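Hi,

Here is the structure I promised to pass on to you. Have a look around in the viewer first, then read my notes below.

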Amino acid sequence: MGIVSVLIFLLLFLLLWSSGIVLGDFPTTLQGPFKPVTAPLDKKAYRGNAIDLPDTYPQVQKNVEGFEPQQISVSLSSNYDSVWISWVTGDFQIGDDITPLDPESVSSVVQYGISGSPMSYQAIGYSLVYNQLYTFEGAQNYTSGIIHHVRLTGLEPGTLYQYQCGDPSIPATSDIFYFRTMPVSSPTDYPGRIAMVGDLGLTYNTSTTFSHLLSNHPDLLVLVGGVSYADMYLTNGTGFMQPLLANVPTMMVGGKHEIEEQAEDEIFVAYSSRFAFPSDESGSFSTLYYSFNAGGIHFVMLSPYIYYVRSSDQYEWLEDDLYNVDRNVTPWLVAAWYAPWYSTFKAHYREAECMRVEMEELLYEYGVDIVFNGHVHAYERSNRVYNYSLNPCGPVYITLGDGGSREAMAIAHADDPGNCPEPSTTPDEYIGGFCAFNFTSGPASGKFCWDQQPEYSAYRESSFGHGILEVKNETHALWSWHRNQDSYQIAGDIIYIVREPDRCLPV
């Protein structure tokens with residue numbers, strides 16, 4: 001093939017790509033809705049290794065001394081030019097007679113620079129400790145180590161940086177770590193791979209999920225709740241994740257196990273203290289709901305565990321945030337929260353119905369493309385759906401609370417004979433209210449559950465794993481889900497999610 005022929009071929013490829021035609025044999029949502037599929041239960045995977053890692057396991061061992069940084073993580077600000085570096089120095093204490101560490105005793109310093117160049121930039125942040133009643137194995141007083149947060153600003157898009165954190169004056173600094181900033185927000189620029197996972201825990205299954213996540217080399221990690229099951233462990237779960245979190249920007253939503261209700265109705269204290277969130281940068285009043293951009297994707301992170309009614313701060317913030325999204329700059333709109341609206345498993349069935357009643361119309365009107373959830377310990381992908389009906393402009397809902405939790409895997413389906421829960425068992429446990437009534441239309445009219453796998457459920461499987469989202473252009477994104485029992489590069493479910501902006505115009 002001559003040079004001219006090669007150039008013609010490349011030009012034709014680029015024209016096909018830019019026009020939204022994606023090469024490959026994978027199915028697309030344009031071919032849907034798909035006939036519902038339930039994968040047969042893999043009994044070996046079900047038994048699996050849902051056993052907690054012992055305290056002697058190497059990955060949960062403390063490997064620093066004194067005030068050297070540990071539990072290091074990187075998180076995004078609202079745009080590409082800023083990130084947060086967070087870490088802990090010193091040890092937590094638990095018991096009846098404890099004395100909190102002094103946050104002023106150790107400085108919060110990050111030295112950084114573009115990879116391959118000297119780390120000639122320095123940023124200084126702030127530190128804190130938090131105290132609470134820890135209810136695991138009986139109520140005990142708890143005080144954290146010193147938690148540090150430092151914001152780096154003025155960063156270049158899509159650029160690999162190196163950094164060290166700690167207090168150089170002691171000296172007590174970390175090893176050198178690396179992170180890559182997000183691309184500039186535009187319809188042609190996207191992170192290469194976005195890993196999605198929920199309900200991790202600290203089990204042998206978690207260890208497999210973690211290993212597969214590392215092997216798939218994500219550019220961004222999104223944790224959809226159940227971050228470390230903080231209310232069920234004394235082990236350092238954040239340190240277990242440090243090889244990933246210190247090098248890959250990580251964003252998260254708070255799940256049920258991060259609530260940790262305290263005196264005076266304080267909730268999410270550990271979650272809000274240990275991680276940095278772009279709440280201020282995105283105009284939010286809470287660490288539990290916020291937004292950020294990752295190239296041409298606008299992410300909206302929400303919470304079912306604080307007020308979401310139309311007069312609430314969260315709803316009003318969401319409405320304002322969606323109104324200000326420029327789909328010419330960030331064509332893709334992705335939302336995430338913990339408890340799913342469209343799960344057909346018996347576990348947590350219609351548990352978040354009140355949130356759906358309040359917020360679904362708003363997300364639909366603004367053309368949300370994909371919704372990610374956790375909580376249910378299984379995997380499920382929906383057809384495009386709105387108000388329980390197939391709708392070509394509704395979001396694709398993906399539940400992946402299958403990261404490796406110590407709790408039982410979800411197996412039973414609400415549509416299996418004898419498995420439909422009593423409606424009275426599904427009220428909103430935290431906000432209050434009851435919204436899950438019998439369906440009034442469609443194939444399940446007059447019933448609380450379907451008699452077969454609902455038509456809006458495209459694929460469901462009871463296996464542990466994680467997902468990878470690869471946005472290719474402003475209309476096509478490749479979604480793949482990877483079972484733990486397979487090799488990390490093998491996809492158990494794969495599909496192109498295709499936007500149709502000319503058909504499904506947001507308001």
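Let's start with the chain as a whole. Of its 507 residues, 55% count as buried, where buried means under 20% relative accessible area, exposed means over 50%, and partly exposed lies in between (1.4 Å probe, protein chains only). Before you go further, keep in mind that this is a predicted model, in which local features need pLDDT of at least 70, side-chain atom pairs count only at pLDDT 80 or more, and totals for chains, interfaces and linings use all residues. Residues are numbered from 1 along each chain as its sequence is written, and side-chain values use heavy atoms, with hydrogens and water left out.

The chain exposes about 21,000 Å², and carbon and sulfur atoms supply 52% of that; the accessible areas come from the Shrake-Rupley method with a 1.4 Å probe, and for residues only the protein chains shown count as cover. Along its principal axes, the C-alpha trace spans about 70 × 65 × 50 Å. What radius of gyration would a compact globule with 507 residues have? It would be near 23 Å, and the chain has 23 Å, so the two agree. (That radius is taken over C-alpha atoms, and the globule rule is 2.2 Å times the number of residues to the power 0.38.)

Contacts tell you something about the fold too. Among those between residues at least 6 apart in sequence, 72% join residues at least 24 apart; a contact here means heavy atoms within 4.5 Å.

Now for the helices and strands. The chain has seven helices and 28 strands, which are DSSP runs numbered from the N terminus (helices are H or I with at least four residues, strands are E with at least two). Strands of a sheet pair through backbone hydrogen bonds, either parallel or antiparallel. In these notes, two strands pair if DSSP finds at least two bridges between them.

For the parallel kind, go to strand S19, residues 332-336. Are its residues mostly covered or mostly open? Mostly covered: five of its five residues are buried. Trp332, Val334 and Ala336 sit on one side and Leu333 and Ala335 on the other, so to speak two covered faces. Strand S18 (residues 297-301) runs parallel to S19 and is joined to it by five bridges, with methionine 301 partnered by alanine 336. S19 also pairs in the parallel sense with strand S20 (residues 370-373), over three bridges. There, alanine 335 has valine 371 as its bridge partner.

Helices link these strands. The chain crosses from S19 through helix H7 (residues 353-365) to S20, and this β-α-β crossover is right-handed. S18, helix H6 (residues 313-323) and S19 make a right-handed β-α-β unit as well. Right-handed means that, with the strands pointing away from the viewer, the path from the first strand over the helix to the second runs clockwise.

For the antiparallel kind, try two open sheets. One has four strands in the order S2-S3-S10-S7. Its edge strands, S2 (70-76) and S7 (126-128), each pair on one side only. Inside this sheet, S3 (residues 83-89) and S10 (residues 146-152) pair over seven bridges, and valine 83 is matched with leucine 152.

The other open sheet has three strands in the order S4-S9-S8, again antiparallel. Its edge strands are S4 (93-95) and S8 (131-134). Four bridges join S8 to S9 (residues 140-143), and asparagine 131 has threonine 143 as its bridge partner.

Finally, two residues in loops. Glycine 226 is in the loop between strand S15 (220-223) and helix H4 (237-245). It is buried, with a relative accessible area of 1%. Leaving aside neighbours within four places in sequence, glycine 226 is in contact with Asp199, Leu200, Gly201, Gly255, Glu258 and Tyr338. Its C-alpha atom and that of leucine 200 are separated by 6.1 Å, with the two positions 26 residues apart along the chain.

Serine 282 is in the loop between helix H5 (269-274) and strand S17 (290-294). It is buried too, with a relative accessible area of 13%. Beyond its neighbours within four places in sequence, its contacts are Tyr290, Ser291, Trp317 and Asp321.

Best wishes
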